[in-house]
Each structure stands twice: as C-alpha cells, then as structure tokens.
Amino acid sequence: MATETSTRSTTSATTGSEWWRTAVIYQIYPRSFADASGDGIGDLPGITGRLSSLAELGVDAIWLSPFYTSPQNDAGYDVADYCDVDPLFGTLDDFDRMLETAHSHGIRVIVDLVPNHSSDQHRWFQAALAAGPGSEERDRYTFRDGRGENGELPPNNWQSVFGGSAWSRVTEADGEPGQWYLHLFDSSQPDFNWDNRWVHEQFLDVLRFWLDRGVDGFRVDVAHGLIKVEGLPDWAPPVEGGSMGGGSASLEPEISAEPEGAATLPPYWAQEGVHEIYREWRELLDSYDGDRALCAEAWVDPLPKLAKWVRPDEMHQAFNFVYLETPWKASALRTVIDDSLDAFGEVGAPSTWVLSNHDVVRHASRLALTADNLQGHGIGPKTKGLPDPVVGLRRARAATALMLALPGSAYLYQGEELGLPEVIDLPDEARQDPTFLRTNGERYGRDGCRVPIPWEAEAPACGFSETGESWLPQPAGWGAFARSEQRGVDGSTLELYRQMLALRAEHGLGLSTLKWLQTESDDVLAFTTAGITVMANIGTTDAALPSGASIILASAPLDGDVLPPDTTVWLR
Ligand code: GLC
C-alpha cells in the first residue's frame, strides 16, 4: 500500500463559516422520533425533549421532515398550510421552543419545503376548484381539459410516482365531470403551476416566514420537478431500465433515446427552468444574516447534471443519491466518489453524502439485498433475496465509516446510529404509504424505514411514547437496538457513530483533501485525508493492515493485523 495515485478535494472553501460544506446533518422524521403527547405519533415537544441525545451524538444540524398542517395522506408531504404546525405535532410555540433548544445545543435547524405540490385541502386548491375553468385560481395549479370526445381521457399519459395515472378529474360546480389536474404523486397532492408568478410570490413569503423565525435552512422536496415542459407532451419511458418499472414515473429521470438518438429527459423532471427559481431563493437567503442553506432533493443523474443545482448562485447542497444507490462494490464506490468530488468540485460545492432517508430501504438492510430494489418500492415478506441482518449491519457500519471520512457534508437518518434495519414484516393493514395503497400492495413502499425508533429497551413503545402507542407497530426485538442498550457500550453502533463524528470534527475531515492509495487488492479502498488513512475492505477475504499502524477507529472488531471483509478502519 501507500503509493499515492490521485488527489481529490471537496471544495474551494477556505473558511469554516460556511457550515453546510462539512456539516453532519441528522434527519428527524417527526412522526417516528419521539411522542410527547402519547397519541402514537411523534411531535415537536418530543423532539425538544430528546435534543440532548443528538448533541451527545455530535451532529451539527437537524433536518425535520414536514410537521405542517396536513391531512397526512403522504405523511405530511401533502401540506395544507405552509406556515402553521399540524396539531398532531404541536403548535408554532412548540416549534419556537424546539428551535431555541436546538440552537442552545449548538445544533442548526433545517426545515422541509414542499413546493412542487400542496395538499388538495390547501385553501389555494379549494379556491381553484371553486373558481372553475379559466380562472386565475385554477392557473395556480396544473389543470387541463381532458382528451377524448367529452374530455373523459387524461390530458396526457404521465404516471404518478406512487403508481397509477398522474391525473385526476374534478367535478365542476354544475355537478358534471370537468377538468383534470396533475399530481405527480398522490391524487391528494396537486402540482402547482410554477409558470405563474403568483406561485413564486407565495413561496417567497413561506421562505420569509420560516427565515424570520430563525431557521438555518430548507431541504427542498422534489427540487427537480417544479417546471414541466410546455404543452405537457406525452412521455414514453424506455421499456427497459425505468427505475420504477411498469411505465410509472420515477423520482429519478429516465433517459430515453429519441429517433435520431438524442437523449431526452421526461418532461416533468430536471427542466432548465427550475434553476431560475432557486436563484431567486438564494438571493432571498443571502439577504438574511447568518449562513442559511438550501438543500435539493433532486433525483438527478449523472452527477455533472445534479451539480447544476449547487452552482454558486443556486442551492448550497444537493443530496448525492447517485452515491446512495451505488452497490457495495469497491470499484463502483471509488468511481462514484471520484465523479462526485469532480462534479461538485467543478462548481465549488461540497458533495452531500447520504446513505439512508425516509424514502429508501435503510442501508443496514439495503446493502445486503441480493436483488435490485427500485427506489420507493420497499421490501416486505414476499420480496426475493431478503437481506441477512448480520451482513447488512456489518456493511452499513463499514459504509458509514467510509462515508463519514469523505470530504463534504453528510446526512444521517434517525435510527441509523442505532443500526436499525428496515422492518420487513409490517402487517399489510398497518402499512400507510400511498405507494402501497396505490399499487394494491404490489410495492411495499416506505413504511419499513419509518417505524418509530427505540429509546429505552424496557419502556412502553421502547420509550417512543409513554402510552405505548406507535403509529406503525414496532417489531419484536426492537428494544435490543434502543439507545439505552448501546450508550456507553464499547463497540455498539451508537458509540461507533459518536466516535466517528468526534474524530471527523477533530481532524476536519469534511474540509480535507482525499488522496487515493494503491492497495494489494481491487476490493480494498484506501485513501489518506487530514493525516488519517482510511481503508475499507469491500471484498470477501481478509486484507493485510499496514504494519505498525495505530488504529483509531474500526467498524468491526479486529483480530491481529488483518482487515476482515466488510470492515472500514481509520489509521494513523
Ligand atoms: C419527496 C419526499 C417523499 C414524498 C414525495 C412527495 O420525495 O421525500 O417522502 O412522498 O417527495 O412529496
């Protein structure tokens, strides 16, 4: 080992003031984090009460999935009032208290913004329904007349990400079937019309509302979807390779070849027009004091295209989902790390690494799946190639130890610090993801990564809720993962995360430069960063550790001078 082959650094940043370049940000999925009210759904006071655990873990910031007024058809991503808290989660005062407490712990707070669609219960959509065809109110959303003799066919062939048509027909005031509205997601989530200036103004107000309250930034939902191609043309996804299969829309752009061979994107994802919107938002954020950040949820591939979202006058971060989707293979990981640092480096942005969130199979299970799992499909009892939990956790710990050594920022998803797996055997009646419901159970959807997390092994609902209520049932054995069982326990996943975050901060790994090292096996990745050598064995046989190295962190127990399979070490 130890011949340097190439060098990659993260960004052109020279100061530490741009916290988002290196921050480790912990995603809180409020309904599953901590329930103070006892109704089985997590809430803001629950979060406030548990923030000291996150301070102890060592995260720099938290991102909260939506807690706004909502009928909860898509777990809050169907917003009925962007400037209020749903009573399920508490009140605006509870939010302020949570924010203040987080800040007092030195933890920044990012909230979720859902600008592609609202709930159909939002007063704007209700007004659009009432006002009728041709009205100003309707122009705020994406209404069209249907095709066919009597408008009985949807305006185009687009499919919802959650399955089924992306169009629903309304009944007009006269009681007759009328126009159709677009919903790239559930029928209760009508898409806005971002060609309408009024919509821009409303969202600028929403941003101001939360910035004035003191939030440190926004995670922007479906940030690749706001602008659709004019005329809303039909879209024929490629027969093979569409990541949601079956002709349905995917969160990821599917590329198809036009007759003359030119690649095109689906007419609803990653259109150039979205960038203007983010430039406007960036200007607004820049007019505030402090250093506030925008993070794009944009399922965009390839990386140089995704990097457009984080050009200097646009957003600050964009989740690197290309990395998240990379299989547990050394060559693929090395390529995606290089490509990421190159693509984001090109525009002066950090790469924003991520392995889990509330939409994907938890990486402690995903990394041991033996078959492909399409994004959003989820896994359940009938899935082929179910993961071995021991292999999965071992790989997850190694993968996280690799990720947290990389230059840039990283997001963690609540519960991964406990090594939580995907819950596979949720009863069908308990499942709530619209994906499950809209595909008649053909896709299990995302409930398996959303089960309320365990805090204390012996407490009701493992400490999630004093009453023992839990909106999704916690599986038998959940208590074994509880914080209470791992805190202070050498070698536990929680202590490993704590150690990684402390060392990462101490050595400034987020802002460092990565230099690849040659290794004896193609299955072993090795690099140096900030004076630390990182080695990850992604193969199936032991690899030799450099003699005399002192190990400062290991994702699995070591025995002698060997690095076992599915293990990452940090050495000095
Ligand atoms: C994003 C969210 C997902 C939600 C969808 C529609 O992808 O992360 O949970 O269902 O947008 O808002």
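1. Two strands count as paired here if DSSP finds at least two bridges between them. Keep that cut-off in mind for β13 and β14: strand β13 (residues 293-296) runs parallel to β14, and 2 bridges join them. One of the residue pairs to look at is Cys 295, whose bridge partner in β14 is Gln 317. Bear in mind too that this is a predicted model.

2. Zooming out from that pair, β13 and β14 belong to an open sheet of 8 strands, with parallel pairing. The order reads β14-β13-β10-β6-β3-β2-β16-β15. β14 (317-318) and β15 (352-354) each have a single partner strand, so they stand at the edges and one side of each is left without a neighbour in the sheet. As general background, strands of a sheet pair through backbone hydrogen bonds, either parallel or antiparallel.

3. There is also an open sheet of 3 strands, and this one has antiparallel pairing, in the order β7-β9-β8. Its edge strands, β7 (143-144) and β8 (167-171), pair on one side only. Between β8 and β9 (residues 177-182) there are 4 bridges, and the two strands run antiparallel. If you want to check the register, Ser 168 stands opposite Tyr 181 in β9, and Thr 171 faces Pro 177 in β9.

4. What does Gly 175 do in the hairpin of β8 and β9? Gly 175 takes a positive phi near 85°, in a hairpin with 5 residues between the strands.

5. Now the ligand. Which residues come nearest to the ligand? Of the 15 residues around it, the answer is Asp 74, His 117, Asp 221, Glu 297 and Asp 359. By class, the shell splits into 5 nonpolar, 3 polar and 7 charged residues.

6. On polar contacts, the side chain of Asp 74 has an N or O atom 2.6 Å from an oxygen atom of the ligand. For Asp 221, a polar side-chain atom lies 2.8 Å from a ligand oxygen atom. His 358 also takes part, with a side-chain N or O atom 2.9 Å from an oxygen atom of the ligand. Taken alone, the ligand exposes 310 Å², and the protein buries 100% of that. The space the ligand takes is the largest cavity, which is worth remembering when you set up a grid.

7. Two backbone spots deserve a look. As a rule, most residues other than glycine have a negative phi, and most peptide bonds are trans. Gln 72 has a positive phi near 65° despite being a residue other than glycine, and its place is in the loop between β4 (68-69) and β5 (81-85). The peptide bond from Asp 301 to Pro 302 is cis, with omega near 0°. Pro 302 is found in the loop between β13 and α6 (303-306).

Technical notes. Residues are numbered from 1 along each chain as its sequence is written. This is a predicted model: local features need pLDDT of at least 70, side-chain atom pairs count only at pLDDT 80 or more; totals for chains, interfaces and linings use all residues. Side-chain values use heavy atoms; hydrogens and water are left out. A residue is near a molecule or strand if one of its heavy atoms lies within 4 Å of it. A polar contact is a pair of N or O atoms within 3.5 Å; within protein, one must be able to donate a hydrogen and the other to accept it, and residues adjacent in sequence count only if both atoms are side-chain atoms. Accessible areas come from the Shrake-Rupley method with a 1.4 Å probe; for residues, only the protein chains shown count as cover. On a 1 Å grid over the protein atoms alone, a cavity is a set of points where a 1.4 Å probe fits but cannot get out, and a pocket is an open set with protein on both sides within 12 Å along at least five of seven lines; lining residues have an atom within 4 Å of a point. A molecule sits in a cavity or pocket if more than half of its atoms lie within 2 Å of its grid points. Ala, Val, Leu, Ile, Met, Phe, Trp, Tyr, Cys and Pro count as nonpolar, Asp, Glu, Lys and Arg as charged, and the others, Gly among them, as polar.
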